[in-house]
Amino acid sequence: MTAISVTARLGRCFLLAALATVLATAAPAVELDPAAVVFKTPDQFKWRDPADTFSTNQTVLLGDPTKTGLYIYINTFKPGRFGVPHYHPNDRFIVVTEGAGWRGTGPVLDPAHAMRLPKGTFMIDHARQVHWDGTKDENGAYLIAGYAPATNIEVPQATGIFTGIDPTAVTVRTPDQIAWKDMGINRRAVLAGDPDKPGLSVQMLRLTKGNNFSGPHLYPNDRFITVLDGTWWVGSGNKPDPARLAVPMKTGTFVTHFGQHAIWDGTKDEDAVLLVIGEGPQTSTGVEEAR
């Protein structure tokens, strides 16, 4: 082979590689129908303290905790911070999403005897019941949902020793206490309410990896979904195409699936754990696939 022919072959290879790069760059990004699904990734969250210099920080994902209606927000806590005993006017539903928290009930603030709440713990702060919490040598983050207003009402501290969580004040389920039920290849844990009935419900879904996708379906009401772990893949409309039209929702992403609009979803090469909050009934209805 002559030097000229070798040069020509190399030139064609470089040209083909450059053309492939241009085509890949020009290919449109996969987009979801915003009437069906919208989402925010963690880098898009707007924090109250963007520089994260204070001991606590907050990002509101839904609603307004100071007004009426459903809200969802995340509070983060640096190590070595405890709040004073207080209560809230309405129930609050909480998942520890990072690190660990420490919790007690009643007016005696006693961090030394507080209960540790590892990542994955679910809690209910019952309305008008006194509790307190904080962090020790780890940071912590809570995802908190409920009906506003979510006012903190402080109470006078008492002296003494904290002797254990009062279950009438706070419900606590550590990860090993959460009851999962099989749903075919996936699993579900209902944490509060009843997804099949009217009213607010909180549930976790564990979706098994392996290119497992649902058909198109919809729900009567909006659902608010946080990816607690793994990657959840979502497509909108009635034409499932996981290879080309699914969008990855990675850990920490907050997703709103609007009622009466079809999606299809599933997993690929890793499991996904989802926290699902919404007004019931949350009954899934299949939608005929487009041909």
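Tyr142 has a relative accessibility of 2% and therefore counts as buried in this predicted model, and its ring is a convenient place from which to enter the structure. Its partner Phe77 is likewise on the buried side of the cut-off, since its relative accessible area is 9% and buried means under 20%. The structure holds 5 aromatic pairs, and in the one formed by Phe77 and Tyr142 the ring centres are 5.1 Å apart with the planes at 70°, so the pair is edge-to-face. Because Phe77 belongs to strand 3 (residues 69–77) and Tyr142 to strand 9 (residues 140–148), the pair ties together parts that are 65 residues apart in sequence.

Another of the aromatic pairs joins Phe82 and Trp132, which are tilted with respect to each other, with 6.3 Å from centre to centre and 55° between the planes. This pair, too, links distant parts of the chain, for Phe82 is in the loop between strand 3 and strand 4 while Trp132 is in strand 8 (residues 131–134), 50 residues apart. Trp132 counts as buried because its relative accessibility is 0%, whereas Phe82, at 25%, counts as partly exposed. With Phe162, these two residues form one aromatic cluster.

Rings also meet charged side chains. The charged end of Arg223 sits over the ring of Tyr219, 3.8 Å from the centre of that ring, and Lys268 lies over the face of Trp233, at 3.8 Å from the ring centre.

From the rings the reader may turn to the nonpolar interior, where the largest core has 26 residues, and where Ile72, Phe122, Leu191, Val202, Met204, Leu275 and Ile277 are those with the most contacts inside it. Leu275 illustrates how such a residue is surrounded: leaving aside residues up to four places away in sequence, Leu275 touches Val95, Leu143, Leu191, Val202, Gln203, Met204, Phe224, Ile225, Thr226 and Leu228. A second core, separate from this one, has 16 residues, among them Ala36, Leu205, Val227 and Trp232.

Two polar residues in loops deserve a closer look. His88 is placed in the loop between strand 4 (86–87) and strand 5 (92–105), and it counts as buried because its relative accessibility is 2%. The side chain of His88 has a polar contact of 3.3 Å with that of Arg92, and it also reaches the backbone oxygen of Thr151 at 3.2 Å. Residues up to four places away in sequence not being counted, His88 touches Asp125, Ala127, Arg128, His131, Ala150, Thr151 and Asn152.

Asp241, for its part, is found in the loop between strand 16 (223–236) and helix 2 (242–245), and at 17% relative accessibility it counts as buried. Its side chain is joined to that of Arg244 by a polar contact of 2.8 Å, while its contacts beyond four places in sequence are with Ala246 and Trp264. Asp265 is 24 residues from Asp241 in sequence, and the two C-alpha atoms are 10.0 Å apart in space.

Finally, a word on confidence in the prediction. The mean pLDDT of the chain is 92, with 90% of its residues reaching 70 or more. Over residues 1–28, however, pLDDT stays under 50, and for this stretch the model has 2 contacts beyond four places in sequence.

Terms used. Residues are numbered from 1 along each chain as its sequence is written. This is a predicted model: local features need pLDDT of at least 70, side-chain atom pairs count only at pLDDT 80 or more; totals for chains, interfaces and linings use all residues. Side-chain values use heavy atoms; hydrogens and water are left out. pLDDT is the predictor's confidence in each residue, from 0 to 100. Contact means heavy atoms within 4.5 Å. Helices (H or I, at least four residues) and strands (E, at least two) are DSSP runs, numbered from the N terminus. Buried means under 20% relative accessible area, exposed over 50%, partly exposed in between (1.4 Å probe, protein chains only). A polar contact is a pair of N or O atoms within 3.5 Å; within protein, one must be able to donate a hydrogen and the other to accept it, and residues adjacent in sequence count only if both atoms are side-chain atoms. A nonpolar core is a set of buried Ala, Val, Leu, Ile, Met, Phe, Trp, Tyr and Cys residues joined through side-chain atoms within 4.5 Å. Rings of Phe, Tyr and Trp (its six-membered ring) pair if their centres lie within 6.5 Å; planes under 30 degrees apart count as stacked, over 60 as edge-to-face and the rest as tilted. A charge sits over a ring if NZ of Lys or CZ of Arg is within 6 Å of the ring centre and within 35 degrees of the ring normal.
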